[in-house]
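Here is a set of short exercises with worked solutions. Have a look at the sequence and the structure, then work through each task at your own pace.

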There are 2 protein chains.
Amino acid sequence: MEESRELSKEISSAVIARLPRYFRYLGELKDGGVTRISSRELSDLMHVTASQIRQDLNQFGGFGQQGYGYNVGYLYHEIGKILGLDISHHMILVGAGNLGQALVNYMDFQRRGFLFKGVFDKNPALHGKKIRDIEVQPMEQMERFVKENDIDIAVLTIPKASAVEVAGILSECGIRGIWNFAHCDLNVPSNIQVENVHLSESLMKLSFRLTNDSME
Amino acid sequence: MEESRELSKEISSAVIARLPRYFRYLGELKDGGVTRISSRELSDLMHVTASQIRQDLNQFGGFGQQGYGYNVGYLYHEIGKILGLDISHHMILVGAGNLGQALVNYMDFQRRGFLFKGVFDKNPALHGKKIRDIEVQPMEQMERFVKENDIDIAVLTIPKASAVEVAGILSECGIRGIWNFAHCDLNVPSNIQVENVHLSESLMKLSFRLTNDSME
């Protein structure tokens, strides 16, 4: 733990962004019964250069052995630890619309230790309704719930008009991370980690590439 | 058009990824009645250095004037054109679950010219059901629909087990872009643009930062 701690401080966001993809491929290899793989084989599979793979994984102390390659199960396990997947995270959902419901119902998060514990919405028509087995509660209950249930991540699937205010409330009641789907930037204290999913912007990137492609 | 075409070919993916955010901030400024802004003011607002802003925008020929700053309306319009938002895109949704429904119902896409024209799902129980005003059709109808309705983007909100096969069918019937929410990489011909939204991986990045933060 000490070792990965020191190393991870210097890791670039580009490498961090690539780690979940390594984790996904290694998980699939493991499930497929593969026990070891060379960086070249992994390279062919992932369409990333072998030197990039070696360079990325070396940042964590290097998991490969010359002439042997990587032990798939071990590397999968270690990257999982680096990603914090060996710990359970307690989450709340704020905003019980279609998108929010889709996230709560997505079993893969639970399998990875991301557990929805509460759901909140300002719409009274939704209060008491169950999503999976979680009852939708009024926003007024959120603050107390976060404090009493050791919630570390809040998932915001609310319009941007209310997202900034809700993020402010959450910042004050001890949340540690916000997974933000609202189409705005949240200015929260620096001890709170924010990961944005801006769907419109993702679609615009696709549109950019289509537009430039068609001009060729 | 000619000018932005030539320039955009050399634009790095990092700049492309930042363009939608410029577009968002400029849109908000415009809606707020702001007509011009200096790179310093934009820098304070967006928490990006002024030199980064100048450098990014210079890649498109530079829109600012020394001592005047940027004309907000003009820059908003030009970035919109660069992003291809002056053209309508016809889209289909494949996979009418919660996430897919959320995307079809999200009005902001329509406002930007991203128009859902058809929805497909393999589940017979959903066929004929309407999402917004679009009837869910069987998968067998997809290929003909894409060809006959000038569809350029397919949005995949289906499990990864079927995503690769569906992407293959779409590649053969003239789709130009895939907005992929399935948790896998799609190996499609290089003339088809793929933009991935891997929600699990986004959540893992947040988890990584929380894990390392707590060790400090």
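**Exercise 1: a salt bridge across chains**

At 18% relative accessibility, A:Asp185 counts as buried, where buried means under 20% relative accessible area, exposed over 50% and partly exposed in between (1.4 Å probe, protein chains only). The model is predicted, so to speak of a local feature takes a pLDDT of at least 70 and side-chain atom pairs count only at pLDDT 80 or more, while totals for chains, interfaces and linings use all residues. Residues are numbered from 1 along each chain as its sequence is written, chains are lettered from A and ligands numbered from 1 in the order in which they are written, and side-chain values use heavy atoms, with hydrogens and water left out.

Task: Find the partner with which the side chain of A:Asp185 meets in a salt bridge.

Solution.
- Step 1. Start with the rule: a salt bridge is a side-chain nitrogen of Lys or Arg within 4 Å of a carboxyl oxygen of Asp or Glu.
- Step 2. The partner is B:Arg21, at 2.8 Å from N to O.
- Step 3. Now place the two residues: A:Asp185 is in the loop between E8 and strand E9 (193–196) of chain A, and B:Arg21 is in helix H2 (residues 13–31) of chain B, so the pair crosses between chains. Helices (H or I, at least four residues) and strands (E, at least two) are DSSP runs, numbered from the N terminus.
- Step 4. Elsewhere, salt bridges that share partners join A:Arg21, A:Arg24, B:Asp185 and B:Glu201 into one network.

**Exercise 2: two more salt bridges**

Task: Work out where A:Arg24 and B:Glu201 lie, and whether each is buried or exposed.

Solution.
- Step 1. The side chains of A:Arg24 and B:Glu201 meet in a salt bridge, 2.7 Å from N to O.
- Step 2. A:Arg24 belongs to helix H2 (residues 13–31) of chain A and B:Glu201 to helix H10 of chain B, so this pair joins two chains.
- Step 3. A:Arg24 is buried at 6% relative accessibility, and B:Glu201 is buried at 9%.

Task: Compare this with A:Lys81 and its salt-bridge partner A:Glu78.

Solution.
- Step 1. The closest N and O atoms of A:Lys81 and A:Glu78 are 3.6 Å apart.
- Step 2. Both residues lie in helix H5 (residues 72–82) of chain A, three residues apart, about one turn of the helix.
- Step 3. A:Lys81 is partly exposed at 28% relative accessibility, whereas A:Glu78 is buried at 15%.

**Exercise 3: where the chains meet**

Task: Describe how chain B and chain A touch.

Solution.
- Step 1. Count the residues: 69 of chain B are in contact with 69 of chain A, contact meaning heavy atoms within 4.5 Å.
- Step 2. Add the area: the two chains bury about 6,100 Å² between them, 60% of it on carbon and sulfur atoms. Buried area is the accessible area (1.4 Å probe) that two parts lose on being put together, summed over both.
- Step 3. Look for the main contributors: B:Leu203, B:Met204 and B:Phe208 supply 12% of the area that chain B buries against chain A, more than any other three residues.
- Step 4. Turn to charges: there are 12 salt bridges between chain B and chain A, and one of the salt bridges in the model joins the side chains of B:Lys205 and A:Glu195 (3.5 Å, N to O).
- Step 5. Helix H10 (residues 199–214) of chain B gives the most to the side of chain B that touches chain A, with 16 residues.

**Exercise 4: a group of rings**

Task: Follow the aromatic rings from A:Tyr106 to A:Phe109 and on to A:Trp179.

Solution.
- Step 1. Rings of Phe, Tyr and Trp (its six-membered ring) pair if their centres lie within 6.5 Å; planes under 30 degrees apart count as stacked, over 60 as edge-to-face and the rest as tilted. The whole structure has 10 aromatic pairs over all chains.
- Step 2. The rings of A:Tyr106 and A:Phe109 have centres 4.8 Å apart and planes at 75 degrees, so they are edge-to-face.
- Step 3. A:Phe109 and A:Trp179 are also edge-to-face, because their centres are 5.6 Å apart and their planes at 85 degrees.
- Step 4. This second pair links distant parts of the chain, from helix H7 (residues 107–111) to strand E8 (residues 177–180) of chain A, 70 residues apart.
- Step 5. A:Tyr106 is partly exposed at 34%, while A:Phe109 is buried at 2% and A:Trp179 is buried at 0%.
- Step 6. A:Tyr106, A:Phe109, A:Trp179 and A:Phe181 form one aromatic cluster.
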